[in-house]
Amino acid sequence: MASEKVEDDGAGQFADPLFDIPGDDIFRNKDMLRVGWVPEDEDMIVGRDDTMAELAEYINPILAGNQPDHVIIYGKTGTGKSLITRHVVQRAVAASSAEVQHAYIDCKQYHTDTQVFTELGRQFNDPEQTEQTIPETGLSTGIYKKRFYDAVDTCTDGVLIILDEMDKLKNDDAILELSRAVEDRKASVPIGLLVISNRIGYIENFQARVESSFDAQDIQPAPYSVKTLREIMESRRSAFKPDVLKDGVIPKAAAVAGAEHGDARRAIRILRHAGQAAAKEDAEQVNEEHIDIARREAEKNRFGETIQNATPHETLVLLAIANLTLRNDGRKEFKQSEVYERYTEEADKNDTAPLSQRRVRDLVNDYALLDVLETEKRNYGKQSGIHRVIQLLLDPEIVRDVIEATRI
Ligand SMILES: Nc1ncnc2c1ncn2[C@@H]1O[C@H](COP(=O)(O)OP(=O)(O)OP(=O)(O)O)[C@@H](O)[C@H]1O
Ligand SMILES: [Mg+2]
């Protein structure tokens with residue numbers, strides 16, 4: 001039964017039928033469409049030569065054993081910050097004839113001082129050289145720091161440290177300490193710091209806070225153009241089997257992903273989901289309809305994340321607006337009073353006592369900030385006066401479906 005698939009791509013080769021999942025006709029190497037996938041081949045990094053050259057210039061001194069500039073890389077999500085930083089740092093390490101090493105820290109995972117120094121120490125420590133071990137837990141912050149500096153001094157000629165998603169750090173201390181470690185004579189080899197964030201407001205506050213104590217160069221990668229998004233996806237074409245992607249698929253995915261801002265993550269995710277949709281249907285090719293399915297899927301996921309922490313009343317307000325929009329009278333904008341009325345009906349259906357008009361208005365304002373709703377003042381003429389109107393920015397069916405699926 002599975003024999004014809006074996007030649008295919010190695011799937012369907014396991015004797016136990018439970019694991020004998022046939023390979024599909026769509027993907028050749030799906031891994032290439034994973035967000036964390038870092039291409040080894042530099043040709044697969046598209047349209048960022050200037051950014052890479054700028055970064056290389058700042059960190060260049062470490063190759064000769066000198067202190068490099070620290071760098072802050074910030075900009076919108078999916079603009080290649082993590083990819084480019086990792087890639088350039090890896091190349092610096094490879095190009096150096098000295099024992100330069102690097103560490104990558106995802107601050108979502110390591111967000112206290114102690115966690116950061118522990119993880120850094122563990123990444124640089126070679127117990128044979130330092131005659132010290134660094135346990136995951138159990139020591140004081142001071143000891144972790146000391147062992148980290150010992151490891152760096154003993155095992156390396158210099159280090160490049162990437163702190164990605166640095167806005168997740170509990171405070172600025174680790175950054176400030178690391179950036180001044182050489183001046184403060186805590187370390188005797190150069191330490192170059194590369195901090196990354198997509199929260200632009202956070203970075204502006206951070207820069208104001210640490211202005212005099214953290215001296216760093218800025219790099220701000222701009223969102224990609226639709227053309228570059230297309231090239232990025234072209235460069236991942238080999239994730240698919242030959243001739244699987246129909247002609248219009250990549251341009252359409254680029255247009256969808258570029259609609260908000262040029263977000264390469266979104267582009268690649270849509271392409272992967274479109275491939276999955278095609279595989280699920282047992283189709284031989286990925287077509288533009290699969291992109292539509294993928295777009296809906298992406299919107300569902302995004303909205304699902306947005307409402308993950310919503311209270312039941314917030315959810316009911318959104319449901320009310322979605323249901324008003326789905327009423328089929330063609331209207332998309334509703335007055336506050338209409339929304340409130342519909343919300344009380346939804347609350348009734350759920351045996352919940354409704355919140356006051358005022359509270360609901362506040363909730364609507366909160367969602368307006370999350371790009372789920374838009375509110376605007378509208379003048380309805382002398383008799384009706386000025387009203388605030390509310391409009392859903394997402395597909396109402398998606399809003400309804402996601403809410404119904406997640407409701408307890
Ligand atoms: N110039 C590029 N060439 C090829 N692939 C790219 C390029 N830029 C980004 N990508 C791909 O797009 C995805 C998102 O990129 P990356 O993770 O670097 O974005 P980011 O700016 O760090 O986003 P975030 O702020 O959300 O962390 C990754 O899969 C990455 O491989
Ligand atoms: Mg990133």
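How far apart do the C-alpha centres of domain 1 and domain 2 lie? A few notes on this predicted model follow, starting with that point.

1. The C-alpha centres of domain 1 and domain 2 are 34 Å apart. For orientation, the domain assignment of the protein places domain 1 at 49-219, domain 2 at 224-306 and domain 3 at 309-406.

2. Do have a look at where the two domains meet. Contacts join 5 residues of domain 1 to 6 residues of domain 2. On the domain 1 side that touches domain 2, the residues are 4 polar and 1 charged, with no nonpolar ones.

3. On to the sheet with strands 6, 7 and 8. This open sheet has 3 strands in the order 6-8-7, and the pairing is antiparallel. Strand 6 (333-335) and strand 7 (373-379) each have a single partner strand and stand at the edges, so one side of each has no neighbour in the sheet. On average, neighbouring strands here are turned by 35° against each other, direction ignored.

4. The pairing of strand 7 with strand 8 (residues 386-392) is worth following in the viewer. These two strands run antiparallel and are joined over 7 bridges. If you would like a residue pair to start from, take Arg 378, whose bridge partner in strand 8 is His 387.

5. Finally, please turn to helix 13, which spans residues 312-325. Helix 13 lies across strand 6, strand 7 and strand 8, and its direction is at about 90° to strand 8.

Methods
Residues are numbered from 1 along each chain as its sequence is written. Chains are lettered from A and ligands numbered from 1 in the order in which they are written. This is a predicted model: local features need pLDDT of at least 70, side-chain atom pairs count only at pLDDT 80 or more; totals for chains, interfaces and linings use all residues. Two strands pair if DSSP finds at least two bridges between them. Helices (H or I, at least four residues) and strands (E, at least two) are DSSP runs, numbered from the N terminus. Axes are lines fitted to C-alpha atoms, for helices over the stretch in contact, and angles run from 0 to 180 degrees between N-to-C directions. Two residues are in contact if their C-beta atoms, placed from the backbone, lie within 7 Å. Domain bounds come from an automatic or database domain assignment. Ala, Val, Leu, Ile, Met, Phe, Trp, Tyr, Cys and Pro count as nonpolar, Asp, Glu, Lys and Arg as charged, and the others, Gly among them, as polar.
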